[in-house]
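Thanks for making time this morning. I would like to walk you through one model, going from its sheets to its ligand shell and then to a few single residues.

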Amino acid sequence: MNANGNPKTSADLSVGDELELDVTNVAHGGIFVARHEGRVVFVSDAIPGERVLARVTEARKKSFVRASVVRVLEASPHRRDHVWASADVSRDPAHRVGGAEFGHIDLAEQRRLLGEVITDSLKRMAGIDLVVPVEPAPGDDERNGLGWRTRMSLHANDRGQVGPYAARSHDIIRVKDYPLAHPEVETLALGIKANSTAAKAFDVVAPSASPPFVVISEDSKRPRKGHSRIRERVGEREFELAKTGFWQVHREAPAVLTAAVQSAIDENLFEPSAMNLDLYGGVGLLAAAVLDRFEQGTDETGRNIQVSMTTVESDPVATECAANNLKKSAGALAETARVDRYLGFLERTATAESAERMRKATVILDPPRSGAGGQVCESLLNLAPAQLIYVACDPVAFARDAKTLTEGGYVISGIRAFDLFPHTHHVEIVASLVRADLVE
Ligand SMILES: C[S@@+](CC[C@H](N)C(=O)[O-])C[C@H]1O[C@@H](n2cnc3c(N)ncnc32)[C@H](O)[C@@H]1O
């Protein structure tokens, strides 16, 4: 009943109300869509096709409410016991752990849903029609998508309890296991005790070529910058990076992305002497992928092929590492700069010769979750490199940038997606965009 004593309508919904819902779609962000008398309900822990009983958890917006499944009335054939018991629907929604919001769905269906999110985002935001199958990382099917996470953050509350956050709050959930974590990460994480109430955050890391460790921080919000270095191995190469510096989280992700970027580049459009760039380059993983592919062999005069490649990265420690990681390549440079400013500088200072080197370039870009954004895309359109390889971890941000780039003169010539975060809603896209005048 509402305040006037009448039966509740969708407009009166408040937190705690329970609704029977037919779940119709997946939405971006690990949630699912249903309607209650026309009002959109974003439901967690559901699967499209299910009928569920869901409890309203947020009702501040007029256009939609949020709810969590408390009982499955008609289950999807894709429903499984949650891979992490601490996130199961049998728990009160407030006490479900976050970070595994697809863990109740079989892996093949998770990937189909991720593909649907990519297709929908491209259609809705960019008017682009593409079906993108989502490929598993090697070994994940055999391990049921578990044990991949080489980095994990835990938190402590004022009572000294340590654990991950709940699904939709910053409450600490105490757990008995971490099934998505690499075994070394899990062992270390389970051993953490908040010995001092000052300890607020714990980064647990298991690098592939250094011993596993925990970095303790007294501030849960401040980025933790360990300056001592660790090492990661990818194929024949080793990379150095800062202890809590950026590195791909899935243990297979560096190798998967290296191979994907290498094969996404059109070799007919690749010019070794062009102004090739690895934007948002981190410690040089993707620059190395390009160098390893195109430095092979000799040119027509019999000299070793030298590839010009500059990484652009805002974190000076990562840049320093990139310079070391790429130092065997004479044509490699590592610059500390924000990408928008760096590209703006290239635009302002262009000469006829540098503009031509830029137009022949291959540009890799692997921005953070928010995407490259309008200003960077506009600069890329002005500089007009021959091909862009866009590595994206957010389908919506990618679709927004793809709209700018395709409307400005690029054609998507290839796109792949990888399930590098099993049991979560995250997915990695690798897209090739070629300047339209170069497409046959
Ligand atoms: C998704 S990571 C990719 C790193 C690298 N490509 C890799 O795979 O290891 C994004 C990187 O961009 C950097 N970054 C974020 N915003 C930036 C900006 N505006 N300009 C330059 N670098 C930025 C971050 O420090 C981070 O290293």
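Before I describe any sheet, let me fix the vocabulary: two strands are said to pair if DSSP finds at least two bridges between them, and both helices (H or I, at least four residues) and strands (E, at least two) are DSSP runs, numbered from the N terminus. With that in hand, look at the open sheet of 4 strands, which is antiparallel in its pairing and has the order β8-β7-β9-β10. Its edge strands are β8, residues 162-163, and β10, residues 213-217, each of which pairs on one side only.

Please keep in mind that this is a predicted model, in which local features need pLDDT of at least 70 and side-chain atom pairs count only at pLDDT 80 or more, while totals for chains, interfaces and linings use all residues. Residues are numbered from 1 along each chain as its sequence is written.

Staying with that sheet, strand β7, residues 151-156, is joined to β8 by 2 bridges and runs antiparallel to it, with His 155 standing opposite Gly 163. Helix α2, residues 183-190, has Val 185, Glu 186, Leu 188 and Ala 189 buried, where buried means that 20 or more other C-beta atoms lie within 10 Å of a residue's own, exposed means 12 or fewer, and partly exposed is in between, the C-beta atoms being placed from the backbone. The cover over those buried residues of α2 includes β7, β9 (201-205) and β10.

Now to the strands at the start of the chain. Strand β1, residues 18-27, and strand β4, residues 51-58, run antiparallel and are joined by 5 bridges; Glu 18 has Arg 55 of β4 as its bridge partner. Strand β4 also pairs with strand β5, residues 64-74, in the antiparallel sense over 7 bridges, and these two form a hairpin with 5 residues between them. Within that pairing, Ala 54 stands opposite Val 69.

As for the overall division, the protein is split into domain 1 (10-79), domain 2 (134-138 + 249-438) and domain 3 (151-231), with bounds that come from an automatic or database domain assignment. The C-alpha centres of domain 1 and domain 3 lie 32 Å apart.

Which residues are the closest to the ligand? They are Tyr 280, Gly 282, Ser 314, Val 339 and Asp 366, out of 16 residues that surround the ligand, a residue being near a molecule or strand if its C-beta atom, placed from the backbone, lies within 6 Å of it. The shell divides into 8 nonpolar, 4 polar and 4 charged residues; here Ala, Val, Leu, Ile, Met, Phe, Trp, Tyr, Cys and Pro count as nonpolar, Asp, Glu, Lys and Arg as charged, and the others, Gly among them, as polar. Helix α4 (285-294) and strand β14 (309-313) each supply at least two residues of that shell.

The record has something to add, with caution. UniProt, in an unreviewed entry, lists Gln 248, Tyr 280, Glu 313 and Asp 366 under "binding site"; its positions are given in the numbering used here, feature names are shortened, and annotations may be inferred rather than shown by experiment.

Take Asp 366, which is found in the loop between β16 and α8. Why does Asp 366 count as buried? Because it has 23 C-beta neighbours inside 10 Å. Leaving aside neighbours within four places in sequence, Asp 366 is in contact with Tyr 280, Leu 286 and Val 391, contact meaning that the C-beta atoms, placed from the backbone, lie within 7 Å.

Gln 248 is found in the loop between β12 (237-242) and α3 (253-264), and it is buried because 22 other C-beta atoms lie within 10 Å.

Finally, is Cys 393 buried or partly exposed? This residue, covered by the "active site" annotation in the unreviewed UniProt entry, sits in the loop between β17 (387-392) and α9 (395-407), and it counts as partly exposed because it has 18 C-beta neighbours inside 10 Å. Beyond four places in sequence, Cys 393 is in contact with Arg 369, His 426 and Glu 428.

Terms used
Contact = placed C-beta atoms within 7 Å.
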